Structure formats: C-alpha cells, structure tokens
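Colleague: Please give me a close look at one helix packing region of this model, starting from a single side chain and working outward through the helices around that part. I would like one connected account, with each cut-off explained as it comes up.

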Amino acid sequence: MTLRQRLWARAEPLLAQVHTHPFWTGLCDGTLPPEVLRHFAEQDFRFTVPAYARALARTAAVAQRPEQGALLAGAAGATFESLDRMARELDVLADRFDTPEPADGISPTTLAHTSFLTAVSTASFAEAIGGLLPMTWFHQQVCVELRRRLVPGTRYTDWIAQYCPGDGFDGYVEAYLALVDDFAATASEAELALLEDGFLHGALYELAFCEAAWRLQSWAETTSERNA
C-alpha cells in the first residue's frame with residue numbers, strides 16, 4: 001500500500017462527513033442561509049487562505065529537492081493570487097444577499113486552523129506536507145461532489161462555479177500526492193508517523209471549518225456557551 005492509499009483510508013470517513021454536512025448539502029440545493037455562506041467566505045478569504053499560502057511558501061523553502069520546492073512555491077504564488085478574485089466574490093455575495101455583516105475578526109476554529117498551518121510549516125518537511133495536504137485534497141474532492149450534486153439554477157450555482165478550480169488543479173493535486181509518495185520511499189518511520197498525524201489533524205480541521213461556518217461561530221458565541 002502506498003502512503004497516499006494509507007492517507008486516503010484515514011481520510012475517507014472524515015470526507016464522508018464533510019460531503020453530508022448541512023453546509024455543503026445546503027450549498028448544493030440552495031437552502032443554505034446566505035449569511036452562513038458569507039461567514040464561510042469571509043473567514044476563508046481573510047484568514048485561512050492567506051495562512052495556507054504562507055505555509056506553502058515556508059514549506060517550499062525547506063523542500064529536499066528543487067522540483068518539490070518549485071511545486072510548492074508555485075502553489076503558494078497561485079494561492080496568493082487567488083485573493084483578489086476572492087475579494088471580488090465577497091463583494092458580489094454582499095451585494096446579492098441582504099445579510100448582516102459577519103462577526104468581526106477571526107473565529108475560534110479559524111484561529112486554531114491557521115495556527116496549525118503555521119505550526120506544521122515551521123516544524124519539519126514531513127509534518128508540513130502532511131498537514132497541508134488536506135486543504136488541497138479535500139478541496140478537490142469536495143468540488144467533485146459539488147459538481148455532481150448541484151441542483152442547476154439554484155441561487156449558489158455561480159458561486160460554486162467560481163469556488164471549484166479548473167481542470168489544471170487536478171494535475172497539481174496529483175503532483176502533490178506523487179511528492180508525498182516519493183518522500184515516503186526514503187522516509188524513516190518517525191517521519192512517516194509525523195506526516196500521517198499532521199494529515200489527520202489537517203483533515204479534522206476541514207470538517208471543523210464548515211461546522212464553524214454553519215454555526216456562525218464567533219468569540220461572542222463561545223463566551224456565551226461557556227457562561228451558560
């Protein structure tokens with residue numbers, strides 16, 4: 001069994017929960033409250049995606065081979081460049097739907113997720129490529145399901161079309177998975193354990209992120225829950 005197959009076996013139960021989460025099912029059939037989508041998009045644009053881009057850049061800097069560094073640096077650049085598009089899409093969401101302003105600042109889950117991305121990218125190459133992989137792999141798999149289950153003509157059809165990357169993204173995901181398998185060929189058991197643990201934690205955050213958006217999570221909500 002290759003390392004990617006082992007990782008897939010660990011990710012599959014979590015991915016199934018992501019696919020059936022009311023955030024994504026509501027996005028597909030148009031029943032998702034607009035304020036929930038805006039919360040998701042705001043947290044993604046302002047915090048998660050920039051943190052992911054910086055983590056990719058740091059990981060590229062410590063890559064063991066030039067082709068690995070080139071792949072990760074290219075992904076970091078493309079991720080930074082996507083922020084302009086995401087800003088425009090947020091403006092479209094705000095104009096199209098009469099929704100309240102999202103809670104100001106980073107949510108508890110987003111803070112934990114972005115802190116994790118920073119931590120793995122400054123720990124070791126093994127932890128970094130494992131911890132960062134779910135944001136790439138889960139995004140690909142979520143978009144496959146979004147396209148398959150989308151109810152045509154619903155109010156989020158246009159947003160889904162821009163959220164899901166073009167065909168070239170599949171090639172990048174495959175290159176990243178090949179990098180993981182190549183690394184595994186010479187890695188120690190300790191390095192493989194770090195990579196797999198990082199991957200599992202990163203995958204858990206993919207589920208936690210959509211759950212936080214669904215709940216419109218904020219620090220005020222967390223404080224009120226604690227006081228209750």
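Modeller: Leaving aside neighbours within four places in sequence, T109 is in contact with Y205, A208, F209, A212 and Q217, where contact means heavy atoms within 4.5 Å. The model is a predicted one, in which local features need pLDDT of at least 70 and side-chain atom pairs count only at pLDDT 80 or more, while totals for chains, interfaces and linings use all residues. Residues are numbered from 1 along each chain as its sequence is written, and side-chain values use heavy atoms, with hydrogens and water left out.

T109 lies in helix α5, and helices here are DSSP runs of H or I with at least four residues, numbered from the N terminus. T109 counts as buried because its relative accessible area is 14%; buried means under 20%, exposed over 50% and partly exposed in between, with a 1.4 Å probe and protein chains only. Although T109 and D98 are 11 residues apart in sequence, their C-alpha atoms are 25 Å apart in space.

From T109 we can turn to the helix that holds it and to its partner. The axes of α5 (residues 108-121) and α6 (residues 125-149) come within 7 Å and cross at roughly 145 degrees; such axes are lines fitted to C-alpha atoms, for helices over the stretch in contact, and the angles run from 0 to 180 degrees between N-to-C directions. On the α5 side the residues are H113, F116, L117, V120 and S121, and these meet E127, A128, G131, L132 and M135 in α6. By class, this contact has six nonpolar, three polar and one charged residues, counting Ala, Val, Leu, Ile, Met, Phe, Trp, Tyr, Cys and Pro as nonpolar, Asp, Glu, Lys and Arg as charged, and the others, Gly among them, as polar.

Helix α6 also packs against α3 (residues 34-61), with axes that come within 10 Å and cross at roughly 145 degrees. This crossing of α3 and α6 is left-handed, meaning that the near helix is turned anticlockwise from the far one by less than a right angle, whereas clockwise would be right-handed. The α3 residues involved are T48, Y52, A55, L56 and T59, and those of α6 are F125, A128, I129, L132, M135 and T136. By class, eight of the residues in the contact of α3 with α6 are nonpolar, three are polar and none is charged.

A further partner of α6 is α9, and here the axes come within 7 Å and cross at roughly 35 degrees, in a right-handed crossing. From α6 the contact takes A126, E127, I129, G130, G131, L133, P134, M135, W137 and F138, and from α9 it takes E191, L194, L195, G198, F199, G202, A203 and E206. By class, this contact has 11 nonpolar, four polar and three charged residues.

Helix α9 (residues 189-214) has 26 residues and reaches 38 Å from its first C-alpha to its last, close to the 38 Å expected at 1.5 Å a residue, the expected span being 1.5 Å times one less than the number of residues. Just after α9, L216 takes a positive phi of about 50 degrees, although L216 is not a glycine. L216 lies in the loop between α9 and α10 (219-227), and L216 is partly exposed because its relative accessible area is 36%.

Since you may wonder about the cysteines, a search of the whole structure finds zero disulfides, a disulfide being a pair of cysteine sulfur atoms within 2.5 Å. C28 is in no disulfide, and the nearest cysteine sulfur, that of C164, is 8.9 Å away. The sulfur of C210 is 12 Å from the closest cysteine sulfur, in C28, and therefore too far for a bond. Both cysteines are buried, C28 with a relative accessible area of 4% and C210 with one of 1%.

One last loop also touches this part of the model. P165 has its place in the loop between α7 (157-163) and α8 (168-186), and P165 touches H139, C143 and R147, not counting residues up to four places away in sequence. P165 counts as partly exposed because its relative accessibility is 22%. The C-alpha atoms of P165 and G131, 34 residues apart along the chain, are separated by 21 Å.

Note on methods
Helices (H or I, at least four residues) and strands (E, at least two) are DSSP runs, numbered from the N terminus.
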